[in-house]
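Opening a fresh page for this one. I want to go through the fold, the packing and the charged pairs, and jot down what I find.

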Amino acid sequence: MMKKKLAVISTACLLILASDPVPSYATPDSSSDVLDQPTSVTNEDVKAIFDSLYQEGYSLGEEDGYAEKKFDQFDQTTGLDKSSEEFTWFMMGYTVGYKKGQQQKEEELKTEQENEMAAGEEEGYQQGVLDYKHATIQSEIDPFPSKSSDWNKGYVQGYKKAISLMDLSVKAKKEGYDQGLEKDSMSVPSMYDDEDVTRQAFTEGFETAQAKVLNQQKKQFEKQGYVQGYHDLSLEVPAEAEGELQTAFEQGYEKGQKQKQKDVKADGYDSAFTYQTYRAPKSLQDKPELGKWYKAGFYSNKDVKSLQQKAYKDGWKLGKEMSVPKKYKQNKAAGAMYKKYFEQGQKKQDKTVSHILLGSGIVLTLVALITLWRLRRRKNEETTLDS
């Protein structure tokens, strides 16, 4: 009898599992005599029994489905304490639970595979970017034995993706740069806008070009401002110079004014070699600020007297050739003054020598010799000054 019932149970299990899973079930009719329940049993009691049997089967089926082992939770006594209808309800729950367990297992495996591939892809991508920058791109990628096949598959995909994107980013940066030279507003082409790497490369190229254009414009306006300031004109910023360009223009203007003041002061310093007393140039009479700098330069020259004395002494010395001190060789005014006082010293020397030679009776001969020697020396000195 027991063997016959087990055969019936096995056949019923196979039939139920071979069919589509039952997502819902119908509550058995209260008139069923399978339960052999007393007439006092209500529909609610029958439904409760059915739910209990269904849930029992569902739990066992879910465990077997997750383990992918049919009837693993069954033993020789399973179903023996149930009528055929009760066992049918039990198997309904088991079938649905088994499918649910299978589905859960598949989803977990799929998630695990996706995570493995994602981890491999991320590492492959980073390595690809690094190899691209160092020009050490691998044509053949060896697998990692310690990693899963899914991880290795993801690694290869990530590496190839990185190389492809880096190639594209080089092109994107060039196009962004070209666009930045031509336009003021950026428009990223769709082929570069889908990936952060290419979009960033395009943006970087555009911004680099924009910075170059701005720098060129700043230099241009700074130069204009410098000219305006150097000529001591009123500050007038061009209408098109706004923001940083206005700042550049104003900075150039200030530099021009400072350089003009410096040059005027230097002119005043040089004029002290030419004039004994201060005199203001006519060109600065209506420019009191520059006149102040010119005057300051004149009175800052403390070298006039010492250079005069040296030039006079050098000229007075017999046989001394004229040689402007190295400090003043580039200063024409200082050189002219040195020559003037050097020649005065020579004239003084001539008079002194003449008085000495007159007392010796050889005036004419020596004077002729000295004059000839001096003419030759002056000729050499003029040649030296001209050079």
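**A buried Asp, and onwards**

I started with Asp314, which is buried at a relative accessible area of 5%. Note to self: this is a predicted model, and every value below is computed from it.

What does Asp314 form a salt bridge with? Its partner is Lys310, with the closest N and O atoms 3.6 Å apart. Both sit in helix H9 (residues 304–316), and because they are 4 residues apart there, about one helical turn separates them. Lys310 is partly exposed, with a relative accessible area of 38%. An α-helix has 3.6 residues a turn, so residues three or four places apart point the same way.

**Other charged pairs**

I looked up the salt bridge total: the structure holds 11. Side chains of opposite charge can pair when their charged atoms come close.

I checked Asp178 next. Its side chain meets that of Lys174 in a salt bridge at 2.7 Å, N to O. These two are 4 residues apart in helix H4 (residues 149–182), so about one helical turn lies between them. Asp178 is partly exposed, at 29% relative accessible area.

Then I went to Asp196 and Arg199, whose side chains form a salt bridge at 2.3 Å, N to O. They are 3 residues apart in helix H6 (residues 196–230), about one turn of the helix. Is Asp196 buried or exposed? Asp196 is exposed, with a relative accessible area of 52%, while Arg199 counts as partly exposed at 26%. I also noted that Asp193 joins Asp196 and Arg199 in a network of salt bridges.

**Overall fold**

I stepped back to the whole chain. How many helices and strands are there in the protein chain? I get 11 helices and 0 strands. The chain has 387 residues, and 30% of them count as buried. Its accessible surface comes to about 25,400 Å², with 52% of that belonging to carbon and sulfur atoms. I looked at contacts too: among those with a separation of 6 or more, 71% are between residues 24 or more positions apart.

**Nonpolar cores**

In soluble globular proteins, nonpolar side chains tend to be buried together. I pulled up the largest nonpolar core here, which has 15 residues. Phe273, Leu307, Tyr328, Met337 and Tyr338 have the most contacts inside it. The elements giving two or more residues to this core are helix H7 (244–274), H9 and helix H10 (332–358). H10 supplies the largest share, 6 residues.

I followed Leu307 through its neighbours. Leaving out residues up to four places away in sequence, Leu307 touches Phe273, Pro325, Tyr328, Ala334, Met337 and Tyr338. There is also a second, separate core of 7 residues, and Phe74, Phe87, Phe90 and Tyr94 are included in it.

**Helix H2**

I took a ruler to helix H2 (residues 43–67). It has 25 residues and reaches 36 Å from its first C-alpha to its last, close to the 36 Å expected at 1.5 Å a residue. Its buried residues include Val46, Phe50, Leu53, Tyr54 and Tyr58, as well as Gly57, Gly61 and Gly65. Asp64 is also one of the buried residues of H2.

Which helix do the buried residues of H2 pack against? They pack against helix H3 (84–133). Just after H2, I noted that Glu68 takes a positive phi of about 60°.

**Aromatic rings**

Last stop, the rings: I count 19 aromatic pairs. Tyr269 and Phe273 form an edge-to-face pair, 5.6 Å centre to centre with 85° between the planes. They are 4 residues apart in helix H7, so about one helical turn separates them. Tyr269 counts as partly exposed at 22% relative accessibility, whereas Phe273 is buried at 3%.

I compared that with Tyr278 and Tyr299: the ring centres are 5.9 Å apart and the planes lie at 35°, so this pair is tilted. It links distant parts of the chain, with Tyr278 in the loop between H7 and helix H8 (288–300) and Tyr299 in helix H8, 21 residues apart. Tyr278 is partly exposed, at a relative accessible area of 23%, and Tyr299 is partly exposed at 47%.

To finish, I logged one aromatic cluster, formed by Phe50, Tyr54, Tyr58 and Trp89. Phe50, Tyr54 and Tyr58 were already on my list of buried residues of H2.

Technical notes. Residues are numbered from 1 along each chain as its sequence is written. This is a predicted model: local features need pLDDT of at least 70, side-chain atom pairs count only at pLDDT 80 or more; totals for chains, interfaces and linings use all residues. Side-chain values use heavy atoms; hydrogens and water are left out. A salt bridge is a side-chain nitrogen of Lys or Arg within 4 Å of a carboxyl oxygen of Asp or Glu. Buried means under 20% relative accessible area, exposed over 50%, partly exposed in between (1.4 Å probe, protein chains only). Contact means heavy atoms within 4.5 Å. Accessible areas come from the Shrake-Rupley method with a 1.4 Å probe; for residues, only the protein chains shown count as cover. A nonpolar core is a set of buried Ala, Val, Leu, Ile, Met, Phe, Trp, Tyr and Cys residues joined through side-chain atoms within 4.5 Å. The expected span of a helix is 1.5 Å times one less than its number of residues. Rings of Phe, Tyr and Trp (its six-membered ring) pair if their centres lie within 6.5 Å; planes under 30 degrees apart count as stacked, over 60 as edge-to-face and the rest as tilted.
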